[in-house]
Amino acid sequence: KKDISTRTLNALISHMKKALAKEEYGVAIAAPQVGQPLRLFVVAGKVFVEQKEGKVAEATIDRVFINPEIVRTSRKKSAMSEGCLSVRGKYGDVMRHEKVTLKALNEKGEHVTYHGSDLLAQIFQHECDHLEGILYIDKAENLRDMEKEKEHEQKQ
């Protein structure tokens, strides 16, 4: 906790946010993906966009999760299609809990708790896996190459 808000950590978080913003389909990035062995990930603000009364709200700010811990999971799991910025162009199906509760510190050092379902639950599990040195391809079934699928679709 003493390292939170230091110039070094703030620079890393800024770098991660900029890297994530450059990725059209990227929704999160973990510190190990940028060469830093820290328990930290950033989730893009676009994940937290709310839809109310038929209108889409502006994307909120990116959220930072430091020393995250999944503290509760649903019993129900589903196969979810996943890709990763670390393994470009490949996608696979990974069994994930449909709902999770995650506790962490934010970039101000405040304790935060998030209850995620669907995409957010998937992101939390995927990013926590990164922090444990696990890539989704270690768990994925039906791994496929998106370039080959696109070529196949274009030929038909």
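## Sheet and strand pairing

Two strands count as paired if DSSP finds at least two bridges between them. With that in mind, let's look at this predicted model, starting with strands S5 and S8. Strand S5 covers residues 63–73 and strand S8 residues 99–105; the two run antiparallel and are joined by 5 bridges. If you want one concrete bridge to look up, take Glu69, whose partner in S8 is Lys103.

This pair belongs to an open sheet of 5 strands, in the order S1-S2-S5-S8-S9 and with antiparallel pairing. Which strands stand at the edges? They are S1 (28–30) and S9 (111–117); each has a single partner strand, so one side of each is left without a neighbour in the sheet. From one strand to the next, the twist averages 40 degrees.

## Helices on the sheet

Helix H1 (residues 7–21) packs on the sheet and touches S1, S2 (40–43) and S5. The direction of H1 makes about 40 degrees with that of S2. Helix H2 lies across S1, S2, S5, S8 and S9, and runs at about 120 degrees to S9.

Leu120 is a handy residue to follow here. Leu120 is found in helix H2, which spans residues 119–131. Is Leu120 buried or exposed? With a relative accessible area of 13%, Leu120 falls under the 20% cut-off and is therefore buried. Beyond residues up to four places away in sequence, Leu120 touches Val47, Phe48 and His115. The C-alpha atoms of Leu120 and Val27 are separated by 9.5 Å, with the two positions 93 residues apart along the chain.

## An aromatic cluster

Next come the rings. A pair of aromatic rings is described by the distance of the centres and the angle of the planes. The whole structure holds 6 aromatic pairs. In one of them, Phe41 and Phe124, the ring centres are 6.3 Å apart and the planes stand at 50 degrees, so the pair is tilted. Phe41 sits in strand S2 and Phe124 in helix H2, so to speak of this pair is to link distant parts of the chain, 83 residues apart. Phe41 is buried at 0% relative accessibility, and Phe124 is buried with a relative accessible area of 0%.

Another tilted pair is Phe48 with Tyr114: centres 6.0 Å apart, planes at 55 degrees. Phe48 lies in the loop between S2 and strand S3 (51–52), while Tyr114 is in strand S9, so the pair ties together parts that are 66 residues apart in sequence. Phe48 is buried, with a relative accessible area of 12%. What lies over the face of Phe48? That is Arg63, at 3.9 Å from the ring centre. Phe41, Phe48, Phe65, Tyr114 and Phe124 together form one aromatic cluster.

## The S6–S7 hairpin and Arg96

Strands S6 (residues 77–84) and S7 (residues 87–97) pair in the antiparallel sense over 7 bridges. How many residues does the hairpin use to join S6 to S7? The link is made through 2 residues. Cys84 has Val87 as its bridge partner in S7.

Strand S7 is also the place of Arg96. Arg96 is buried, with a relative accessible area of 2%. Leaving aside residues up to four places away in sequence, the contacts of Arg96 include Lys76, Lys77, Ser78, Met80 and Glu82. Other residues that Arg96 touches, among them Gln122, Gln125, His126 and Asp129, carry higher numbers in the chain, as do Tyr136 and Lys139.

Notes. Residues numbered from 1 in each chain as written. Predicted model: local features only at pLDDT ≥ 70, side-chain atom pairs only at ≥ 80, totals over all residues. Heavy atoms only, no water. Helix = DSSP H or I, 4+ residues; strand = E, 2+ residues; numbered from the N terminus. Buried < 20%, exposed > 50% of the residue type's maximum accessible area, 1.4 Å probe, protein only. Contact = heavy atoms within 4.5 Å. Axes fitted to C-alpha atoms, helices over the stretch in contact; angles between N-to-C directions. Phe/Tyr/Trp six-rings, centres within 6.5 Å; stacked < 30°, edge-to-face > 60°. Lys NZ or Arg CZ within 6 Å of the ring centre and 35° of its normal.
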